[in-house]
Amino acid sequence: DMQYHLGNKPIDTNGLKRMMEFNQKVFSSTLPEDYIIVGGHSIWFRSFFREFLPRDSVHVGKKKKIVNCGAVALDLWKTTTDDGRHKFMIDEKSI
């Protein structure tokens, strides 16, 4: 379903902002599915792993890109801090 594809990247954004927007959409009520399948570039996925795996993680996904036509499954978690900010994290054991 391409309904969330918005075309070229806006010039007033960066990769972290786009990853956070993606995470917000994953957990929004407008996307009621329990599971989603995402396609994309291996560099984006490596950046996603670097940002949302635990800081002390040495998972290979933080250093290596996914091979062409590769597939990865993972659990993405969302929590809310005391001050109301949303935090996202990948359960390393789910990869």
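1. The loop between α2 and β1. C69 is found in this loop. The model is a predicted one, and in it the phi of C69 is near 65 degrees, a positive value in a residue other than glycine. With a relative accessibility of 84%, C69 counts as exposed, because the cut-off for exposed is over 50%.

2. The loop between β1 and β2. D83 is found here. D83 has a relative accessible area of 55% and is therefore exposed. D83 and C69 are 14 residues apart along the chain, and their C-alpha atoms are separated by 40 Å.

3. Salt bridges. The structure holds two of them. In one, the side chains of D83 and R85 meet at 3.0 Å, N to O. R85 counts as partly exposed, at 47% relative accessibility, whereas D83 is exposed. In another, the side chains of R55 and E51 meet at 3.8 Å, N to O. R55 counts as exposed, with 65% relative accessibility, while E51, at 29%, counts as partly exposed.

4. The buried face of α2. Helix α2 covers residues 42-52, and S42, F45, F48, F49 and F52 are buried in it. Seen down the axis of α2, these buried residues fall within an arc of 115 degrees, so they line one face of the helix. The general background is that an α-helix has 3.6 residues a turn, so residues three or four places apart point the same way.

5. What that face packs against. The partners of the buried residues of α2 are the helix α1 (15-26) and the strands β1 (75-80) and β2 (86-91).

6. Aromatic pairs. The structure holds six aromatic pairs. F48 and F52 form one that is tilted, with 4.8 Å centre to centre and 55 degrees between the planes. The pair counts as tilted because 55 degrees lies between the cut-offs of 30 degrees for stacked and 60 for edge-to-face. Both residues lie in helix α2, four residues apart, about one turn of the helix. F48 counts as buried at 4% relative accessibility. F52 is likewise buried, with a relative accessible area of 4%; both values qualify because buried means under 20%.

7. The ring cluster. Ring pairs link F22, W44, F45, F48 and F52 into a cluster. Among the members of this cluster, F45, F48 and F52 are also on the list of buried residues in α2. F22 falls within the residue range 15-26 of α1, one of the elements against which the buried residues of α2 pack.

8. The second largest pocket. Its volume is about 740 Å³. The pocket is lined by 28 residues, of which I36, I37, V38, V72 and L74 are the closest to its centre. The elements that give two or more residues to the lining are α1, α2 and β1. The largest share, four residues, comes from α2.

9. Which elements recur in these points? Helix α2 holds the tilted pair of F48 and F52 and gives the largest share of the lining of the second largest pocket. α1 and β1 also give two or more residues to that lining, and both pack against the buried residues of α2.

Conventions. Residues are numbered from 1 along each chain as its sequence is written. This is a predicted model: local features need pLDDT of at least 70, side-chain atom pairs count only at pLDDT 80 or more; totals for chains, interfaces and linings use all residues. Side-chain values use heavy atoms; hydrogens and water are left out. Buried means under 20% relative accessible area, exposed over 50%, partly exposed in between (1.4 Å probe, protein chains only). The arc is that of the directions from the helix axis to the C-beta atoms. Contact means heavy atoms within 4.5 Å. Rings of Phe, Tyr and Trp (its six-membered ring) pair if their centres lie within 6.5 Å; planes under 30 degrees apart count as stacked, over 60 as edge-to-face and the rest as tilted. A salt bridge is a side-chain nitrogen of Lys or Arg within 4 Å of a carboxyl oxygen of Asp or Glu. On a 1 Å grid over the protein atoms alone, a cavity is a set of points where a 1.4 Å probe fits but cannot get out, and a pocket is an open set with protein on both sides within 12 Å along at least five of seven lines; lining residues have an atom within 4 Å of a point. Grid points are joined across faces, edges and corners, and a volume is the space filled by probe spheres set on the points.
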